[in-house]
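I open this notebook to record what I looked up in one model, entry by entry. I begin with the enclosed spaces and go on to other features from there.

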Amino acid sequence: MITTTTVKVGEQPTGNPMEVPVIHIQGQGNGPRVYIQANIHGAEVQGNAVIYQLLNLFRQHPPLGDVVMVPQANPLGINQKSGEFTLGRFDPVTGVNWNRQYHFGSSVLEPFSQAYLNAEESEIRDAFRAQLVQQLETKLASPWGLTCGQHLALNLQKMAVEADIVLDLHTGPISARHLYVPEYARARARHFHIPLNILIPSDFSGAMDEASFSPWWQLSQHFSRLGRELPVMVDAFTMELGSQERLDVADARKDAEGICNYLQHQGVWADHPVQPTPATMHACYLKDYKAIFSPAGGQVEYQARLNHPLPAGEPLATLWHFNALASESNHSRVITLPCDCIPVLHFASASVQQGTELYKVLTNTFPL
């Protein structure tokens, strides 16, 4: 059964509630619970199309466990317009990234690990999840109040914390498809068939994927130090589905099939109803995911193709100084890199200040 509700994530100055739509798919048996959200950043709309395609696939192939999907997860960000452009990456009041306001307090780990060291895994899972829910409830009830962004993040997180699998759907500026992969989940990430992959540490720094998997990874580390091996009980990934301000519902089917391939390997279905198109998958560690900043202001001609290897010394971009065309001084500069790389994304505008992030690239790559 599929139902739709709304969840309040804040209030407008008029006093009217800010709400997000929530799609609930009731599981047909015993399987992992899944939470998927999209569009936490206003311009990153392609994840909504992927949720549409996933909903069609779930209708055809009902999952064993419950699935919750939240398209248009940020009603404020979606409506942050400046002319024809959608802003919506940062809270306009505080300036904080909408995707850096989730919460986890690690002080619970040591006493919890001591108390549940000899418990069954199912008891540990239920009790620790209850601890995480209580943290969020306490945070939301703070007598000091919260920012708008925190209200939004914590109300979304209350839904995500109930899941065994969490997927946060994003896009880049002008971007190839890529996946942020917790290092502990490297083997399972192959099932998404995403061409470019960035292996990230399992620490917490405020993003939804980290808020979902890092508490469980840290719990596993605490149990290990006490002499018991405990699996990481929650998987979470951030998926980057191409470029912002782009909506392609037909193309979203490919990413939906990749997600379903991962989900079916995690036991969401008893069989394998979906067969995605295989992809060549490259990866690097987060420390080797490099940003290149413009050495000067000017107009930039982006030349390196995304998701195509670029040898060291080959042109990445050309920076033009059209204000100097009539002079005999150099009016362009070719930008190259000292190492081989695979370009992942580049800045959306052709006009840049000195210090603008032009490209992000994978270096020291290896097969996933």
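**Entry 1: the cavities.** I started with the largest cavity, whose lining divides by class into eleven nonpolar, four polar and no charged residues. The model is a predicted one, and I read every value below with that in mind. My search returned two cavities of 30 Å³ or more, and the largest of them has a volume of about 120 Å³. Its lining consists of 15 residues, and Leu132, Gln157, Val161, Ala211 and Ser212 are the ones nearest the centre. I then asked which elements give two or more residues to this lining, and found α4, α5 and α7. The largest share, four residues, comes from α7.

For the second largest cavity I noted about 40 Å³ of space, lined by Val9, Met18, Asn74, Pro75, Leu76, Trp98, Cys148 and Leu152. Here α2 (75-78) and α5 each supply at least two residues, and the class count is seven nonpolar, one polar and no charged.

**Entry 2: helices α5 and α7.** Since α5 appears in the lining of the largest cavity and also in that of the second largest, I looked up its geometry. It has 13 residues and reaches 19 Å from first to last C-alpha, close to the 18 Å expected at 1.5 Å a residue. Its buried residues include Gly149, Leu152, Gln157 and Ala160; of these, I had already met Gln157 among the residues nearest the centre of the largest cavity, and Leu152 in the lining of the second largest.

For α7 I compared the expected span of its 18 residues, 26 Å at 1.5 Å a residue, with the distance between its end C-alpha atoms, which is 26 Å and therefore agrees. The helix nevertheless bends by about 35° at serine 214, with proline 215 following within four residues. I counted 14 of the 18 residues as buried, so α7 is largely enclosed by the rest of the structure. Just after this helix, glycine 227 takes a positive phi of about 95°.

**Entry 3: the largest pocket.** I next turned to the open spaces, where the largest pocket has a volume of about 1,100 Å³. Of the 39 residues that line it, Glu44, Arg89, Thr171, Gly172 and Pro173 are the closest to the centre. The elements that give two or more residues to this lining are β6 (85-86), β7 (165-172), β9 (177-182), α7 (208-225), β11 (235-243), β17 (342-346) and β19 (357-362). By class I recorded 16 nonpolar, 13 polar and ten charged residues, whereas the lining of the largest cavity has no charged residues.

**Entry 4: salt bridges.** Searching the whole structure, I found twelve salt bridges. In one of them the side chains of arginine 33 and aspartate 164 meet, at 4.0 Å from N to O. The pair links distant parts of the chain, with arginine 33 in the loop between β2 (17-25) and β3 (34-38) and aspartate 164 in the loop between α5 (148-160) and β7, 131 residues apart. Arginine 33 is partly exposed, with a relative accessible area of 31%, while aspartate 164 is buried at 15%.

Aspartate 164 also meets arginine 129 in a salt bridge, at 3.3 Å from N to O. Because aspartate 164 lies in the loop between α5 and β7 and arginine 129 in helix α4 (residues 121-140), the pair ties together parts that are 35 residues apart in sequence. Arginine 129 is buried, with a relative accessible area of 4%.

Within helix α8 (residues 252-265) I looked up arginine 253 and glutamate 257, which are four residues apart and therefore separated by about one helical turn. They form a salt bridge whose closest N and O atoms are 3.0 Å apart. Arginine 253 counts as partly exposed at 28%, and glutamate 257 is buried at 18%. A network of salt bridges with shared partners joins Arg246, Asp248, Asp251 and Lys254.

**Entry 5: a loop residue.** Last, I asked whether proline 278 is buried or exposed. It lies in the loop between α8 and β12 (282-285) and counts as exposed, at 67% relative accessibility. From proline 278 to leucine 247 I noted 31 residues in sequence and 23 Å in space, C-alpha to C-alpha.

Note on methods. Residues are numbered from 1 along each chain as its sequence is written. This is a predicted model: local features need pLDDT of at least 70, side-chain atom pairs count only at pLDDT 80 or more; totals for chains, interfaces and linings use all residues. Side-chain values use heavy atoms; hydrogens and water are left out. On a 1 Å grid over the protein atoms alone, a cavity is a set of points where a 1.4 Å probe fits but cannot get out, and a pocket is an open set with protein on both sides within 12 Å along at least five of seven lines; lining residues have an atom within 4 Å of a point. Grid points are joined across faces, edges and corners, and a volume is the space filled by probe spheres set on the points. Ala, Val, Leu, Ile, Met, Phe, Trp, Tyr, Cys and Pro count as nonpolar, Asp, Glu, Lys and Arg as charged, and the others, Gly among them, as polar. Buried means under 20% relative accessible area, exposed over 50%, partly exposed in between (1.4 Å probe, protein chains only). The expected span of a helix is 1.5 Å times one less than its number of residues. The bend at a residue is the angle between axes fitted to the seven residues ending there and the seven starting there.
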